[in-house]
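Reader: I should like to understand how the strand pairings in this model are justified. Please take me through the reasoning.

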Amino acid sequence: QVPGPRTKTATLLARSMSSPTAFCGEGMMRAALVGRQVAGSTATVARSVREGSLSTASAAVVAPVPRCGRRVVAAVAAAGTVLALPRRNGGRRGMAIAATGTDGQGRVASKGDEVLVRYRGTFPDGTMFDSSEGRPPLELKLGAGEVVPGFEEAILGLRVGEKVNVTLPPEKAYGERNEAMLMTVDAGRVPAGLAVGTQVMLGGGGQQFPATVTKINEDGSAVIDANPPLAGKTLVFDLELVGFKEPPKRGMAMVGYKGASVELPNAIANSPVSTVFQKPSFPAAWPYKDGDFRRQDESEDTQFYGQPRFVTHIDDGAIGAIRQFYAAQFAKAPQGEYSVLDICSSWISHYPSDLKAKRVAITGMVQQELEANKQATEFAVKDLNKEPKLPYGDNEFDFVTNVVSVDYMNKPRELFKEVHRVMKPGGVAIMSFSNRCFPSKAIAMWVANMADGPGHCQIVGNYFHFSPEGGWKDISSADISPTPGRGDPMWVVTAVKA
């Protein structure tokens with residue numbers, strides 16, 4: 001159970017490792033209208049798609065990404081520019097970093113500022129298409145091209161508390177519609193079950209475009225529209241500058257191996273993620289129901305993960321962050337003597353390159369991937385969703401780790417009990433995750449809000465708290481994201497075996 005790959009090439013491919021926030025997250029999706037239209041670029045993309053001249057990284061050339069309850073506002077560049085991932089943060093606990101804002105009275109919003117904005121978007125007839133009401137304010141960096149140009153221009157020059165109403169013609173919003181962005185995909189490249197209205201991604205690498213399936217023809221081919229849903233429309237925004245973001249404060253300590261204090265110089269102390277368990281609040285009883293662990297795709301995981309994927313699943317910054325975190329934790333154990341188990345593993349475990357463990361055991365679903373893991377001393381092929389039983393004896397490991405796979409566990413209570421069983425007293429379990437996943441395989445309560453880092457930390461903390469009850473102590477969390485809101489976030493929850 002691992003998230004999807006960051007592929008270098010693809011043809012008509014839904015971003016296989018997708019964050020729902022990237023394509024259908026709550027709130028206005030940040031449009032990457034970072035430049036003017038490049039002449040001929042739209043036709044080039046359309047021609048490449050039709051002719052299949054781009055290479056493919058998947059047998060299913062078109063794959064769906066999940067739809068949201070809210071309207072999807074496509075985050076696509078003006079034709080020819082690069083899709084920018086949105087950085088809409090949300091959830092009940094706030095933003096990816098402590099963005100409570102400073103009052104900034106008298107300060108004028110300028111390029112380079114990271115600001116918090118409330119907004120309401122309507123069409124000229126008053127029909128609302130999006131709003132930040134009921135959610136944390138939108139956070140963005142002015143001058144970075146994270147929103148449509150007219151939206152950003154309206155914020156520049158505002159002071160905290162000031163409001164403005166602005167009408168954006170298409171050229172200041174999502175651009176005019178371009179009929180060249182309507183494309184037909186051959187039936188052989190359309191997977192079974194693709195339906196009208198499904199959101200897909202076109203392209204690969206640095207050129208990815210969201211699109212919508214508008215028609216399924218009788219011969220099985222599909223018509224897709226890569227125009228942003230709001231292309232060609234005049235938009236009206238009511239905007240308010242709420243504040244300026246508080247910068248991240250780096251450096252904090254966590255409890256580690258046998259209760260030792262572990263210094264984490266790169267962790268963000270003032271992130272809501274890092275403060276979840278400062279004053280722990282656990283429910284009186286196991287709070288989850290069977291429906292919380294349902295998945296869109298309940299087919300056998302061995303079918304979905306059957307083909308080896310020799311790719312990384314988070315960006316280089318996030319990989320470096322978790323590697324540094326491991327180094328700090330492992331340094332507290334006797335060097336050359338400690339043992340590590342990596343569950344739901346693959347061809348790489350993101351451990352430090354100078355790992356000084358005596359034993360490195362890994363479990364995963366694809367034998368070819370496990371065989372290629374150069375840091376492992378042993379491996380076992382296991383589908384832990386089908387049978388949450390670890391093939392090891394009691395009290396064998398000093399550390400148990402898991403990277404970006406806890407969101408796929410449909411029997412976490414049983415599996416966390418197993419993790420507890422195989423660990424030595426005083427050992428540390430480390431669960432790390434981001435906002436990326438295969439949404440069809442992640443559990444329902446996790447994908448409900450992929451941006452809610454604090455909420456996901458609470459879920460994992462609850463898993464520890466009840467699995468088994470009283471079996472874990474010093475449950476802690478840390479935000480180790482290297483570039484909050486820019487690259488992939490990296491969030492960690494740890495617990496020490498009592």
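Author: Val 117 of E1 stands opposite Leu 241 in E9. This is a predicted model, in which local features need pLDDT of at least 70 and side-chain atom pairs count only at pLDDT 80 or more, while totals for chains, interfaces and linings use all residues. Residues are numbered from 1 along each chain as its sequence is written, and side-chain values use heavy atoms, without hydrogens and water.

Reader: What makes E1 and strand E9 a pair?

Author: Two strands pair if DSSP finds at least two bridges between them; strands are DSSP runs of E with at least two residues, numbered from the N terminus. Eight bridges join E1 to E9 (residues 235-244), so the two strands pair, and they run antiparallel.

Reader: How do you know that E1 also pairs with strand E3?

Author: E1 (residues 114-122) and E3 (residues 138-141) share four bridges in the antiparallel sense, and Glu 114 stands opposite Lys 141.

Reader: What joins E1 to strand E2?

Author: Three antiparallel bridges link E1 to E2 (residues 128-131), with Thr 122 opposite Met 128. The two strands form a hairpin with five residues between them, and Gly 126 in the turn has a positive phi of about 95°.

Reader: Why are strand E14 and strand E17 called edge strands?

Author: An open sheet of seven strands has the order E14-E13-E12-E15-E16-E18-E17, with mixed pairing. E14 (378-381) and E17 (472-479) each pair on one side only. E13 (residues 359-364) and E14 pair in the parallel sense over four bridges, and Ala 361 has Glu 378 as its bridge partner in E14.
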